[in-house]
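Hi everyone, thanks for making room for me today. Let me put the structure up, and then we can walk through it together.

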Amino acid sequence: MTGTEAEPTGGVFSRIVVAYDDSPQARRALERAIGLARNHGTQLITVVVEAHPPHHAATMGEVEEEMVVEEQAFRPWLAAARAFADEYSVQVTVEIRAGPAAQELVRAAEKVHADLIVLARRGRRVPWVPHLRSTAQQVSRRAPCPVLIVP
């Protein structure tokens with residue numbers, strides 16, 4: 001390297017939270033986050049949110065069992081996300097959260113002091129609540145950091 005070439009000293013972002021639900025849109029958001037994180041030592045926190053607790057469960061035990069089933073369903077998504085990030089030497093941490101998606105993404109960002117939240121404009125939708133504001137809108141209003149909404 002010559003004296004005129006700059007060596008990478010780190011990116012603008014040290015921690016990026018990216019929402020992931022294995023939809024094609026979420027994969028594009030993950031790709032964008034990896035692109036921003038690549039080669040800069042940025043920590044990427046991939047968050048999957050179980051946005052609605054099982055509505056047919058009668059007891060807390062049944063709710064917990066249903067959450068375990070949901071978590072097992074998320075594991076292949078997260079393994080694929082990790083493998084993709086590994087191709088680009090990006091450090092990935094995975095979190096599975098339960099609750100309203102926007103609220104949980106904001107909490108995840110606050111917890112790690114994220115510099116950026118990346119999410120898709122549309123991912124998997126809950127068909128019985130179309131009147132609610134989108135997760136992207138809610139996150140952008142409540143986020144403690146900049147939000148990149150990937151179309």
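So, starting from the outside: the protein chain exposes about 9000 Å², and carbon and sulfur atoms supply 51% of that area. Those areas come from the Shrake-Rupley method with a 1.4 Å probe, and for residues only the protein chains shown count as cover.

A word on provenance: this is a predicted model, where local features need pLDDT of at least 70, side-chain atom pairs count only at pLDDT 80 or more, and totals for chains, interfaces and linings use all residues. Residues are numbered from 1 along each chain as its sequence is written, and side-chain values use heavy atoms, with hydrogens and water left out.

Of the 151 residues, 34% count as buried, meaning under 20% relative accessible area with a 1.4 Å probe, protein chains only.

Now the fold. We have 4 helices and 5 strands, taking helices as DSSP runs of H or I with at least four residues and strands as E runs with at least two, numbered from the N terminus. Along the sequence they read β-α-β-α-β-α-β-α-β.

Let's visit helix 3, residues 101–112. Its buried residues include Ala-102, Leu-105 and Val-112, and among the elements covering them are strand 1 (15–19) and helix 4 (135–142). After helix 3 comes His-113, with a positive phi near 55°.

And which strand holds Thr-46? Thr-46 sits in strand 2, and it counts as buried because its relative accessibility is 0%. Its contacts (heavy atoms within 4.5 Å) include Val-18, Leu-78 and Val-94, leaving aside residues up to four places away in sequence.

Methods. The expected span of a helix is 1.5 Å times one less than its number of residues. Buried means under 20% relative accessible area, exposed over 50%, partly exposed in between (1.4 Å probe, protein chains only).
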